[in-house]
Amino acid sequence: MTIKTGPGQELGAEGLAEFFARTPRLAVAFSGGCDSSYLLAAAVAAGCDVKAYMVDTAFQPAFELEDARRVVEACGAEFEVIEADVLAEAAICANPAERCYLCKRFIFGTILERMARDGYDVLADGTNASDDPARRPGFRALAELGVVSPLRRAGMTKDEVRAASRALGAPTADKPSFSCLATKVPEGEPITEASLDEARRTRGL
């Protein structure tokens with residue numbers, strides 16, 4: 001399956017410093033993971049006016065929000081948590097093959113609406129050069145919504161992001177990647193509070 005990518009995800013198109021120089025004011029779609037944490041910390045270090053937005057849903061374990069708060073406190077960025085009821089989204093919770101795409105549309109769409117009220121018009125995310133569009137349907141949502149992926153445009157791989165995070169002193173430099181709880185519910189099986197509870201149990205959360 002060919003996944004559509006947008007100019008915001010063009011591999012190796014622009015250095016990170018160049019992006020920050022021409023984008024001094026931006027919003028970051030923030031998860032508390034290694035990639036978005038480095039992007040946020042690097043934007044702060046570059047002197048950008050940057051605000052992190054995290055959409056908190058039932059698909060995420062509680063520790064992700066706790067980690068996110070620690071990262072934001074460490075780098076001193078402005079931060080907003082948006083509570084969103086993903087279980088009320090019938091198309092997503094039907095758990096079709098395109099669930100990830102639908103969920104990314106929901107998450108990024110929620111951030112875009114909120115950040116527009118705050119006067120931000122550029123949304124960046126932590127997608128990097130190691131992320132494979134063929135295995136990540138979310139690329140389609142990024143392209144459709146005009147989200148920019150500065151790490152990918154800078155050609156930074158996951159290993160390079162981790163190394164740069166260590167150099168910057170980011171606390172998430174060695175944080176393992178963690179897929180959302182919905183990925184543990186078999187495709188086609190409805191996503192409910194009960195199925196998410198089972199996903200938490202199997203992960204020891």
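Read from the N terminus, the elements of this predicted model follow the order α-β-α-β-α-β-α-α-β-α-α-α-α. That amounts to nine helices and four strands. The radius of gyration is 16 Å, close to the 17 Å that the globule rule gives for 205 residues, so the protein is as compact as a globular protein of that length. The C-alpha trace spans about 45 × 35 × 35 Å along its principal axes.

Of the 205 residues, 48% are buried. Among contacts with a separation of 6 or more, 73% are between residues 24 or more positions apart. The protein exposes about 9,700 Å², and carbon and sulfur atoms supply 50% of that area. As for charge, there are 24 positive and 31 negative charges, and the mean positions of the two sets are 2 Å apart.

The aromatic side chains form four pairs. One of them joins F19 and F20, whose ring centres are 5.7 Å apart; their planes meet at 55 degrees, so the pair is tilted, a label that covers angles from 30 to 60 degrees. Both F19 and F20 are buried.

Another pair, F63 with F178, is edge-to-face, with 5.1 Å from centre to centre and 85 degrees between the planes. This pair links distant parts of the chain, as its members are 115 residues apart. F63 belongs to helix α3 (residues 62-75), whereas F178 sits in the loop between α8 (158-168) and α9 (193-203). F63 has 25% relative accessibility and therefore counts as partly exposed. F178, at 31%, also counts as partly exposed.

Methods. Residues are numbered from 1 along each chain as its sequence is written. This is a predicted model: local features need pLDDT of at least 70, side-chain atom pairs count only at pLDDT 80 or more; totals for chains, interfaces and linings use all residues. Side-chain values use heavy atoms; hydrogens and water are left out. Helices (H or I, at least four residues) and strands (E, at least two) are DSSP runs, numbered from the N terminus. The radius of gyration is taken over C-alpha atoms; the globule rule is 2.2 Å times the number of residues to the power 0.38. Buried means under 20% relative accessible area, exposed over 50%, partly exposed in between (1.4 Å probe, protein chains only). Contact means heavy atoms within 4.5 Å. Accessible areas come from the Shrake-Rupley method with a 1.4 Å probe; for residues, only the protein chains shown count as cover. Lys and Arg count as positive and Asp and Glu as negative; His and the chain ends are not counted. The place of a charge is taken as NZ of Lys, CZ of Arg, CG of Asp or CD of Glu. Rings of Phe, Tyr and Trp (its six-membered ring) pair if their centres lie within 6.5 Å; planes under 30 degrees apart count as stacked, over 60 as edge-to-face and the rest as tilted.
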